[in-house]
Amino acid sequence: MFRDLREKVSAPRRIAAWVLLGLLLLAAAFVLPRTSSHPIIHRAADVILWSVLAYGAIRLVSFLLLDPLLSQRKTATPGFARDLLVVVLYLVAAGGILRQVLQVSLGQLLGTGAIAAAVVGLSLQEVLGNLFAGISLHLDPAFQVGDWVEITGTLRGGPGRETLIGQVESMTWRTVQLRTENGDMDILPNRAIAQAVVTNLYVPSGLHRRTAKVIVEPRPDLHAALEHLTRALGGLPHPAQHRPEVVVHSSDLGGAVLEMRFWALGFRHGRQAAFQATRLAATVLPREGFRLMGPHGPTPLVARPEPLPEPALMHDLVRQLGLPDHWAEDLRGHLRLRVLAPGEGVIREGDPGHSLFAVHRGTLQVVRAEERLEPYTGIFWKPLAELGPGQWFGEASLLTGAPRNATVVALTEAEVAELPKEAFEASLKREPELLERLLDLIEHRALYASGASAPKESRRAQWSRQIRAWFGL
């Protein structure tokens, strides 16, 4: 029975309705004078006619001039500047009709209505405050639709200051609408925003540094905590020239405040990186024996037995490296098992390295950073290869001392065996003739990675010189 008028009406029906309304008004303007000779009827017809003509002219100016010029501005929805100009045009048209058709003096009209205007102004103080604050926000556009902003101030009228983060959905005459990261829509008066501190998280565009903090107990080996956490944060997607870092920021709660610094592209990327950094800090530091500090002192550590390498793992690794079986006994005492959390960095391209890794459990990924717009603007890891149980990596840095040539991140919870340079040094000095086997190993891995033809002899000779210098042969 009842029709919901909020349903979308097709464009042809809307155009037909406007044309029909215009024809009816024009017909009334021409028919009314013929029905009576009274002056009031004639003036009413003139008012209708000039109002229709003024309305059509303003709509035509908006369509042909204002909309094309202001279509690229995203400071309001609909355009704030367009609305202001259209209102001015309507006021000018109304003043002209009053003066020319009704013979009403605008000066007298404004003078007699001054007291009423003052009363109305006082009653509309809040509305006018929001209106003029919106005008100032438009004239000095610190943000636009689509930007993520952080607003700090007395936003809800209480005594304390609060912070709100959201994406600007629209800017109207009275309000700014923000969509929060929870998907809620917060509508803030323009006056509250004009009196608050606004940080545009999208301007200037590009990378922005973000931080997260964690408090650990003070210990003489605090540098080890920095080393472990920095290596773990290598799992955060980041460009090579903006690597995550960890510094001792200050002291609090009787402990040392470690500040994790990383760079983000876009607000949502920064939030995701902060969540991952906090999770890695709460996972890696207790695992390495560093207790986190809270209001009631250091948190207890959960005792976990240190994983011991199985003899078969060492024999498999020696066999894959093409070394004699008796090397397994020499290397076993240096082998260390490391447990990795999902998203934790293992090695990072360009970092110095002097150890080899073998995957014992879980899955690792060789990755490279790239920028994407989906599912949100940010930096993501592009997987290049996956490493599973039985596979190993890092042999180039172990044998030659060269910087790491790839970034490896744990995809799942994993366990890797790490073999440092010291494990090879004594055995290689005892049997230097095995140098050729190691050169074959590097050569085979280089061919597998690049898919190119066999390297030139000069390259093999260069590797030989690097290995001899690295191990002091």
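Start with the whole protein shown as a surface: its accessible area comes to about 27200 Å², and 60% of that belongs to carbon and sulfur atoms. Keep in mind along the way that this is a predicted model. Switch to a cartoon and you will find 15 helices and 18 strands. Of the 473 residues, 38% count as buried. Among contacts with a separation of 6 or more, 67% are between residues 24 or more positions apart.

**Stop 1: the nonpolar patch**

Go back to the surface and select Leu60, Val61, Phe63, Leu64, Leu65, Leu69 and Leu89, which make a nonpolar surface patch of about 690 Å². Which helix gives the most to the nonpolar patch? Color residues 39-70 and you have the answer: helix 2, with six residues. Click on Leu69 for a closer look; this residue sits in helix 2 and is exposed, with a relative accessible area of 62%.

**Stop 2: helix 9**

Now select residues 267-287, which form helix 9. The helix has 21 residues and reaches 30 Å from its first C-alpha to its last, close to the 30 Å expected at 1.5 Å a residue. Show side chains for Phe267, His269, Gly270, Ala273, Ala274, Gln276, Ala277, Leu280, Ala281, Val284 and Leu285, because these residues of helix 9 are buried, each having under 20% relative accessible area. As you look down the helix, recall that residues three or four places apart point the same way, because an α-helix has 3.6 residues a turn.

What do the buried residues of helix 9 pack against? Add these elements one at a time: strand 1 (148-153), strand 2 (162-171), strand 6, helix 8 (222-233), strand 8 and strand 15. Then step just past the end of helix 9 to Gly289, which takes a positive phi of about 95°.

**Stop 3: a salt bridge from helix 9**

The structure holds 16 salt bridges, and one of them starts from the helix you have selected. Arg271 pairs with Glu181, with the closest N and O atoms 2.7 Å apart. Arg271 belongs to helix 9, while Glu181 is in the loop between strand 3 (175-179) and strand 4 (185-189); the pair links distant parts of the chain, 90 residues apart. Are these partners buried, exposed or partly exposed? Arg271 is partly exposed at a relative accessible area of 30%, and Glu181 is partly exposed as well, at 40%.

**Stop 4: strands 6, 7 and 8**

Select Glu259 and Lys213 next, whose side chains meet in a salt bridge of 3.2 Å, N to O. Glu259 is in strand 8 and Lys213 in strand 6 (residues 207-216), 46 residues apart. Glu259 is buried at 6% relative accessibility, whereas Lys213 is partly exposed at 45%.

Keep Glu259 on display and add Val246, which lies in strand 7. Val246 is buried, with a relative accessible area of 10%. Beyond residues up to four places away in sequence, Val246 touches Leu226, Leu229, Thr230, Leu233, Leu258, Glu259 and Met260. Try a distance label from Val246 to Thr230: they are 16 residues apart in sequence and 5.8 Å apart in space, C-alpha to C-alpha.

Then follow strand 7 (245-252) into the loop that leads to strand 8 (255-265), where you will meet Leu253. Leu253 has a positive phi of about 55° although it is not a glycine. This is worth a pause, because most residues other than glycine have a negative phi. Leu253 counts as partly exposed, at 42% relative accessibility.

**Stop 5: a buried salt bridge and its surroundings in sequence**

Select Glu418 and Arg338, whose side chains meet in a salt bridge (3.6 Å, N to O). Glu418 lies in strand 18 (residues 414-420) and Arg338 in strand 11 (residues 336-340), so the pair ties together parts that are 80 residues apart in sequence. Both Glu418 and Arg338 are buried. For contrast, bring up Lys213, Glu245, Glu259 and Arg261, which are joined into one network by salt bridges that share partners.

**Last stop: a cis peptide bond**

Finish at Pro375, in the loop between strand 14 (364-372) and strand 15 (378-387). Which form does the peptide bond from Glu374 to Pro375 take, cis or trans? Check omega in your viewer: the bond is cis, with omega near 0°. Most peptide bonds are trans.

Technical notes. Residues are numbered from 1 along each chain as its sequence is written. This is a predicted model: local features need pLDDT of at least 70, side-chain atom pairs count only at pLDDT 80 or more; totals for chains, interfaces and linings use all residues. Side-chain values use heavy atoms; hydrogens and water are left out. Helices (H or I, at least four residues) and strands (E, at least two) are DSSP runs, numbered from the N terminus. Buried means under 20% relative accessible area, exposed over 50%, partly exposed in between (1.4 Å probe, protein chains only). Contact means heavy atoms within 4.5 Å. Accessible areas come from the Shrake-Rupley method with a 1.4 Å probe; for residues, only the protein chains shown count as cover. A salt bridge is a side-chain nitrogen of Lys or Arg within 4 Å of a carboxyl oxygen of Asp or Glu. The expected span of a helix is 1.5 Å times one less than its number of residues. Patches are made of residues with over 30% relative accessible area and no salt bridge: like charges are joined within 9 Å, nonpolar side chains (Val, Leu, Ile, Met, Phe, Trp, Tyr) within 5 Å.
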